[in-house]
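Please open the model in your viewer and keep the selection tool at hand. The stops below move from one element to the next, and each says what to select and what is found there.

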Amino acid sequence: MIKDRTAACFWSSGKDSCLALYKAKEQGYEIKYLVNFISQQYGRVSFHGARAELVHLQAEALGIPLLQRETTGDDYEEVFRKSLKEVKEKQVNQVVRGDIHLQELKDWVEDVCQSEGFGVVSPIWHKPAKELLNEFIGLGFKAIVT
């Protein structure tokens, strides 16, 4: 297990990655970078449809440097690995992720990250969605449903 508390946060632009970042910081992680993947074809986050520019504004508001990379989808793993190598060169050895379900995705991310020498922090994994939503709102966060 990697004990270093510096991390990059996989940032989808949505409420789950926001809450995961918040909880990781509460646990003592120092988030050095947001890592975001957008569709090369549309210039938007694949999962939420947020424009690339909006993600830049989020990073700026958070005061965390953004590493945003385009992917065609077919090259996703290659771009993912290159992004990990890039943050590793900046002395980051942990990643924070905000997924709450999808075991297959969790397993894939952990396998790829661990093969590149990264620890994976999943602070909201398997928490009930309603509980997370209530916590998110209770903390004063606001989200726009798309």
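Begin by selecting strand 1, helix 1 and strand 2, which together make a right-handed β-α-β unit; right-handed here means that, with the strands pointing away from the viewer, the path from the first strand over the helix to the second runs clockwise. Helices (H or I, at least four residues) and strands (E, at least two) are DSSP runs, numbered from the N terminus. This is a predicted model, in which local features need pLDDT of at least 70 and side-chain atom pairs count only at pLDDT 80 or more, while totals for chains, interfaces and linings use all residues. Residues are numbered from 1 along each chain as its sequence is written, and side-chain values use heavy atoms, with hydrogens and water left out.

**The strands**

With strand 1 and strand 2 still selected, note that they pair in the parallel sense over five bridges, where pairing requires that DSSP finds at least two bridges between two strands. Within this pairing, Phe10 has Val35 of strand 2 as its bridge partner.

Now add strand 3 (residues 66-71), which runs parallel to strand 2 (residues 30-39) and is joined to it by six bridges. Val35 appears here too, with Leu67 in strand 3 as its bridge partner. Adding helix 2 (residues 52-62) completes another right-handed β-α-β unit, made of strand 2, that helix and strand 3. Strand 2 is largely enclosed by the rest of the structure, because eight of its 10 residues are buried; buried means under 20% relative accessible area, exposed over 50%, and partly exposed in between, calculated with a 1.4 Å probe on protein chains only.

**Gln68 and its surroundings**

Select Gln68, which sits in strand 3 and is buried at a relative accessible area of 14%. Which side chains make polar contacts with that of Gln68? One is the side chain of Asn36, at 2.8 Å, and another is the side chain of His56, at 2.9 Å. A polar contact is a pair of N or O atoms within 3.5 Å; within protein, one must be able to donate a hydrogen and the other to accept it, and residues adjacent in sequence count only if both atoms are side-chain atoms. If residues up to four places away in sequence are set aside, Gln68 touches Asn36, Ile38, Ala52, Val55 and His56, contact meaning heavy atoms within 4.5 Å.

**Helix 4**

Move on to helix 4 (residues 103-115), whose 13 residues reach 18 Å from the first C-alpha to the last, close to the 18 Å expected at 1.5 Å a residue; the expected span is 1.5 Å times one less than the number of residues. Colour Lys106, Val109, Glu110, Val112 and Cys113, which are buried in this helix. An α-helix has 3.6 residues a turn, so residues three or four places apart point the same way. The buried residues of helix 4 pack against strand 1 (6-10), helix 3 (76-88), strand 4 (94-96) and strand 5 (119-121). Just after the helix, Gly117 takes a positive phi of about 85°.

**Salt bridges**

The structure holds 10 salt bridges, each being a side-chain nitrogen of Lys or Arg within 4 Å of a carboxyl oxygen of Asp or Glu. Select Glu116 and Arg81, whose side chains meet in one of them at 2.7 Å, N to O. The pair links distant parts of the chain, 35 residues apart, with Glu116 in the loop between helix 4 and strand 5 and Arg81 in helix 3. Glu116 is buried, with a relative accessible area of 15%, whereas Arg81 counts as partly exposed at 22%.

Next, select Arg97 and Asp99, which form a salt bridge with their closest N and O atoms 2.7 Å apart. Arg97 is buried, with a relative accessible area of 1%, while Asp99 is partly exposed at 26%. Salt bridges that share partners also join Glu77, Arg81 and Glu116 into one network.

**Two loop residues**

Where does Ser13 lie? Ser13 is in the loop between strand 1 and helix 1 (15-26), where this residue has a positive phi of about 90° although it is not a glycine, and at 13% relative accessibility Ser13 counts as buried. Finish at Gln91, in the loop between helix 3 and strand 4: Gln91 has a positive phi of about 65°, although it is not a glycine, and is exposed, with a relative accessible area of 58%.
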